[in-house]
Amino acid sequence: MINIDKIRADFKMLDIQEDGKSNLYFDSACMSLRPNSVLEAMNDYYTKYNACAGRSAHKLGDKVTKKIKETRGLVAKFINANTEEEIIFTKNTTESINLLANSFIFKKDDVVLLSDKEHNSNLIPWLLLRDRIGIKVNIFSTKDDGDFDLEEFERMTKGIKLVCFAYTSNLDGTSVPAKDIIKISHKNNALVFLDCAQTVSHRKIDVQDLDVDFLAFSGHKVLGPTGTGIFYGKYKLLENLKPFIVGGNTVLYSTYTDYKFLPIPERFEAGLLDYAGIIGLGEAIKYISNLSFEEINSHELMLNSYITEELSKFPQIKIIGSYDPKKRGSIINFYIENKDMHQIATMLDNMANIAIRSGQHCVHSYFNNRNIKNGARISLSFYNTKEEVEKLVDNLKKIMKII
Amino acid sequence: MPCIIALIIFSILGIFSASHRALAKEAFSCVLNRVTFRPCNIGFKEKIKGKVLSNLINRSVFLTRVVNKHYEILSWIFFILMVGSTVWVFNGMYNYYVYGSCNGLNESGFCAFDPSGENNKTSDGEECGINRPSPENVTLTDVDLSIFPKIDTSSKDEVVFVGCYGCKYTREVYPEISKLLEKKKFNYIFAHFPVKKDSEFLSNIGYCVYKDYEEDFWKLNDYLFTAPLDYILNKNNTIEILEKFDFDIQKVMLCSEDNDTKTFVERQRGEIEKMNIYGTPTIFINKKPFIGPKPYRVYKSAINKFIFF
């Protein structure tokens with residue numbers, strides 16, 4: 001069982017009070033909090049060995065190079081990549097997806113398959129490619145109860161070049177049966193990319209076990225700093241990608257007429273990287289690796305079940321996705337017909353410093369398709385407590401009295 | 001539209017409060033986003049509504065429910081009230097500038113800029129049996145002004161100054177009227193109206209001096225308004241005062257005791273009573289009465305015809 005007091009002591013922000021009230025943070029799907037060790041590691045970089053990695057011959061530069069390599073190794077181990085060269089540092093998941101979209105060699109009429117719940121970051125790059133080079137973008141409809149129709153999926157994967165799905169949806173928290181999807185896709189000669197932004201801090205990812213071809217996640221959702229992201233690809237597949245953003249640190253040499261790219265992963269990491277961020281991400285990975293995902297899941301499910309049960313008492317409240325908390329991981333996204341959920345979020349914030357997210361959560365396509373104005377999303381993490389959740393529910397009940 | 005309304009409201013409130021300044025900035029961004037066809041990050045209307053409701057909900061759930069249900073209508077009501085009160089405030093400021101009172105000419109209601117009502121105070125005429133008619137009845141209609149001391153400049157503008165040498169507020173305003181005389185061109189009539197009996201004798205003296213020494217009368221007038229009050233109200237000092245101006249003392253003193261003089265001064269008083277004034281100073285500028293000691297700008301505005309309504 002999670003030692004919640006010990007964990008909370010590691011997160012300085014949980015001690016901060018505003019107007020005499022603690023901040024109750026339920027927006028971890030947007031941005032997780034970060035433990036003190038991450039902040040200290042970043043601070044150490046800036047105060048003790050601030051230098052460039054990989055290009056400066058001095059000791060400070062060496063130290064940064066080692067730290068970056070260490071993080072790459074930690075991430076590789078964290079997702080069980082075959083080699084650490086398969087780990088590419090990016091700015092965030094969005095940049096990782098854009099890297100894939102712009103590096104993968106598509107030709108006209110190649111088909112990319114997306115689900116109908118994709119974040120704009122996993123929709124717009126493909127629509128842009130459709131407009132630019134004429135690929136086709138097919139949409140796979142998911143079920144509202146969170147079940148995944150594998151037969152329908154198999155039917156749709158025929159002739160597909162690349163399947164790009166969010167492993168866990170930021171909209172309703174449901175996860176797709178990734179292993180089955182990948183198996184079916186490979187059977188039909190389709191490659192698979194998984195957007196794991198909402199997955200990494202809630203369940204163990206094993207890229208070898210999944211046999212996934214490409215994968216991405218953001219540091220800021222897995223206790224790491226903002227501006228850090230990971231793009232993973234099987235080494236052989238990465239070799240076939242055309243570098244997207246190029247320049248400094250991507251080439252072995254250049255003349256006025258020629259150049260030679262560095263090996264993978266450097267060829268995809270143009271310019272000076274966010275060293276402090278990457279070092280911080282390394283600490284974040286270390287921190288979460290010391291926790292048990294089983295315990296994290298069980299804790300989050302307990303909190304989610306309580307909230308779901310309480311919200312279900314109000315017939316006006318509609319939960320997006322399944323009503324079964326087991327299928328929704330750490331997310332409860334709800335709406336009330338004809339009500340603007342920004343109002344609910346603002347009220348919770350003003351009444352008790354409760355931070356939840358309201359809006360269309362960058363999945364405009366889903367809301368527009370169903371004529372839902374917006375949703376209020378409560379996203380949990382292992383550092384949330386039952387008391388916090390009770391306060392949230394109490395305040396929500398109060399608000400429901402005036403709706 | 002809500003963004004624009006919020007921008008107006010919060011900009012005004014922002015003059016006085018930093019927290020409203022922040023909201024005004026947010027409303028401005030919202031307007032800007034609308035203009036450039038970008039949606040607000042978060043509905044500004046909902047954000048404000050949420051803030052209002054969350055402040056209310058801990059006080060009264062019933063009230064919060066009512067506000068939530070009728071938020072749109074209530075917003076419009078408050079907006080209209082705010083526009084109305086803003087217009088009212090600006091009107092008050094305008095009134096204060098041109099009349100010396102927020103409430104309008106000679107209105108004595110509370111005015112934030114003149115909380116003690118100094119600009120409307122008068123020395124009372126009740127002692128002399130004068131009733132307190134309303135300011136609307138104060139008039140120059142049917143009043144024969146030709147019997148009062150006058151400086152004729154052939155101007156189209158006319159100032160009639162009704163005051164008394166012994167009255168606090170008349171003495172207070174006198175420097176402003178003198179300044180006006182120096183700077184502006186207008187026909188000037190002075191009517192001495194002794195609201196207290198102790199300065200009545202100066203009406204007779206004034207009449208006699210004006211009869212024989214028209215030009216020097218204004219010097220005496222100036223002296224009587226500026227010399228110490230106790231000194232000028234003491235009859236024993238009259239001769240000494242007159243000596244300062246080389247008047248024929250005997251002639252003036254005899255004149256002041258003359259029955260014809262008393263009759264004439266009574267006639268002057270009768271004409272003043274026709275004006276329905278209830279205290280001094282009362283200054284008519286182009287027939288419009290300004291009751292009480294107003295700031296100089298008020299008289300200047302009236303002469304400059306700055307008053308629009």
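I'll take you through a sheet in chain A, a helix pair, the contact with chain B, and a strand in chain B. Keep in mind that this is a predicted model.

Start with the sheet in chain A. Four strands make an open sheet, ordered β13-β14-β17-β16, and the pairing is antiparallel. Which strands stand at the edges? They are β13 (317-319) and β16 of chain A. Each has a single partner strand, so one side of each is left without a neighbour in the sheet. On average, neighbouring strands are turned by 30° against each other, direction ignored.

Now look at β14 and β17 of chain A. β14 covers residues 331-336, and β17 covers residues 375-379. They run antiparallel, joined by 4 bridges. To find your place, go to Asn333(A): it stands opposite Arg377(A) in β17(A). A helix packs on this sheet, namely α11 of chain A, residues 293-311. α11 touches β13, β14 and β17 of chain A. Its direction makes about 15° with that of β14(A).

Next, the helix pair. α12(A) and α14(A), the latter residues 386-400, have axes that come within 10 Å and cross at roughly 120°. That makes α12(A) oblique to α14(A). The crossing is right-handed. Who makes the contact? From α12(A), we have Ile344(A), Met347(A), Leu348(A), Met351(A) and Ala352(A). From α14(A), we have Lys391(A), Asn395(A) and Ile399(A). By type, the residues of this contact divide into 6 nonpolar, 1 polar and 1 charged.

On to the contact between the chains. How many residues does each chain bring? Chain A brings 12 residues and chain B brings 15. On the chain A side, α12 (341-352) and β16 (357-359) each supply at least two residues. α12(A) gives the most, with 6 residues. So helix α12(A) turns up twice today: against α14(A), and on the side that touches chain B. That side of chain A divides into 3 nonpolar, 6 polar and 3 charged residues.

Last stop, strand β4 of chain B, residues 187-192. Is it enclosed or open? Of its 6 residues, 5 are buried, so β4(B) is largely enclosed by the rest of the structure. β4(B) pairs with two strands that I want to show you. With β2(B), residues 150-151, the pairing is antiparallel over 2 bridges. There, Lys150(B) stands opposite Ile189(B). With β3(B), residues 158-163, β4(B) runs parallel, and 6 bridges join the two. There, Glu158(B) stands opposite Asn187(B).

Technical notes. Residues are numbered from 1 along each chain as its sequence is written. Chains are lettered from A and ligands numbered from 1 in the order in which they are written. This is a predicted model: local features need pLDDT of at least 70, side-chain atom pairs count only at pLDDT 80 or more; totals for chains, interfaces and linings use all residues. Two residues are in contact if their C-beta atoms, placed from the backbone, lie within 7 Å. Ala, Val, Leu, Ile, Met, Phe, Trp, Tyr, Cys and Pro count as nonpolar, Asp, Glu, Lys and Arg as charged, and the others, Gly among them, as polar. Axes are lines fitted to C-alpha atoms, for helices over the stretch in contact, and angles run from 0 to 180 degrees between N-to-C directions. Angles under 35 degrees count as roughly parallel, over 145 as roughly antiparallel, 65 to 115 as roughly perpendicular and the rest as oblique. A crossing is left-handed if the near helix is turned anticlockwise from the far one by less than a right angle, and right-handed if clockwise. A residue is buried if 20 or more other C-beta atoms lie within 10 Å of its own, exposed if 12 or fewer, and partly exposed in between; C-beta atoms are placed from the backbone. Two strands pair if DSSP finds at least two bridges between them.
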